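Student: Please take me through a close look at one single part of this model. After that, I would be glad if you carried on to other local details worth inspecting.

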Amino acid sequence: MRAIVLTALGDSDNLKLEQRPDPRPGPGEAVVRLHAAALNRRDVWIRKGQYAGIKLPIILGSDGAGEVVDVGERVDRAWHGRQVVMDPSLNWGGDERAQDNTFNILGLPTDGTYAEMVVVPAANLHPKPAYLSWEEAAAVPLASVTAYRALVTRARVQAGETVLVTGIGGGVATCALQIAKHLGAKVYVTSGHESKVEAARRLGAMGGVNHRKDDWAKTLVAEIGSRPDVIIDGAGGETFNRALDALKPGGRLVSYGSTLGAAQHVEVRRIFWKQLNVLGSTMGSPSDFTAMLKLYEAGLKPVVDKVFPLEQAGDAHIRMEAGDQFGKIVLKI
């Protein structure tokens, strides 16, 4: 099979198109012939050496959609030939509250979806929503399950509540906007690009602000006319502190990432005096994934920013690193 292999850490030139042996399924596993894969920020961090547990060479990629072409022992052969998407959360464990210490994500340490084929546990197979294209289906898994868990399992967002999604344009943030709107929330966004705020409005956001301005939290509260009930944040850094300031008393802040790094000088008094709920969230459990997928089966569609051929995975990484995308960047296989 053809695969994009990360051979060394550094720039995107280290993503090499190679011929690899076709994978064979072990007991409880299935082989999927992929039609599309999608990028995540995690892939860039791994390539640059900014992620734990890196091993080389590795085929990156946590998201993919395709057809089952082989199954191992103890797998229902009815899966053979079915069109599927894959839950990228491996070994979540039995506790819905948090992942097990053996938890890992498809694409490191196991080879991922930047390839013509991938082997995954059969338990992680799910029927592809029929009306989604291959590219749209590949855009769903990691970002959508992360957004779903943050909004539904952790924040327990209710219809009519006001939700702020920071950093709109990235995969998780864009999915969070769509899912929150589907839940009946009033959604606002932040971005460093006015064009992305406008794109979010076209997608259903009620408004938004430029977070590059020092007073964005104050401006946001003035635009809404009140403070948000829930903030979904993947930025961390100073954005985390501003989010604590912007939230209404008793509000919920869900942190699913820290693209900007550590939050310095956190004002702890804001948390206890405003009686805030600060919640961490990572990926999602198998039940989160199943529930999330039902939203897409019911009509939700992910936003695909741009599609590259597999052999241009390096160019796809350059686009993600530049931060110009709105939605998911996809590889057509």
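**A close look at helix α6**

Tutor: Happily! The buried residues of α6 are covered by surroundings that include β10, β11 (186–191), β12 (207–210) and α7 (237–246), where contact means heavy atoms within 4.5 Å. Before we go on, please note that this is a predicted model, in which local features need pLDDT of at least 70 and side-chain atom pairs count only at pLDDT 80 or more, while totals for chains, interfaces and linings use all residues. Residues are numbered from 1 along each chain as its sequence is written, and side-chain values use heavy atoms, with hydrogens and water left out. Helices (H or I, at least four residues) and strands (E, at least two) are DSSP runs numbered from the N terminus.

Helix α6 spans residues 216–224, and its buried residues are W216, A217, L220, V221 and I224. Looking down the axis of α6, you will find these buried residues within an arc of 135 degrees, so they line one face of the helix. The arc is taken from the directions between the helix axis and the C-beta atoms. An α-helix has 3.6 residues a turn, so residues three or four places apart point the same way. K218 and A222, on the other side of α6, are exposed. Here buried stands for under 20% relative accessible area, exposed for over 50%, and partly exposed for what is in between (1.4 Å probe, protein chains only). After α6 comes G225, with a positive phi near 90 degrees.

Positive phi values also turn up in residues other than glycine. R74 has phi near 65 degrees and sits in the loop between β4 and β5 (83–86); R74 is exposed, at 71% relative accessible area. R156 has phi near 55 degrees and belongs to the loop between α3 (141–154) and β10 (162–165). R156 counts as exposed too, at 57% relative accessibility.

Next, the backbone has cis peptide bonds to look at. One joins L56 and P57, with omega about -5 degrees, and P57 lies in the loop between α1 (41–47) and β4 (63–71). Another runs from L108 to P109, with omega near 15 degrees; P109 is in the loop between β7 (104–105) and β8 (117–121).

Now for the aromatic rings. Searching the whole structure gives one aromatic pair. Its rings belong to W92 and F103, with centres 5.7 Å apart and planes at 85 degrees, so the pair is edge-to-face. Rings of Phe, Tyr and Trp (its six-membered ring) pair if their centres lie within 6.5 Å, and planes under 30 degrees apart count as stacked, over 60 as edge-to-face and the rest as tilted. Both W92 and F103 lie in the loop between β6 (89–90) and β7, eleven residues apart. W92 is buried at 3% relative accessibility, and F103 is buried at 16%.

Finally, let's visit the surface around α8. V266, V268, F272 and W273 form a nonpolar surface patch there, with about 480 Å² of accessible area together; V268 belongs to helix α8 (residues 268–273). H265 lies in the loop between β14 (252–255) and α8, and counts as exposed at 72% relative accessibility. Between H265 and N241 there are 8.2 Å in space, C-alpha to C-alpha, although they are 24 residues apart in sequence. Patches take residues with over 30% relative accessible area and no salt bridge, joining like charges within 9 Å and nonpolar side chains (Val, Leu, Ile, Met, Phe, Trp, Tyr) within 5 Å. A salt bridge is a side-chain nitrogen of Lys or Arg within 4 Å of a carboxyl oxygen of Asp or Glu.

Note on methods. Areas by Shrake-Rupley, 256 points an atom, 1.4 Å probe, with all protein chains shown as cover.
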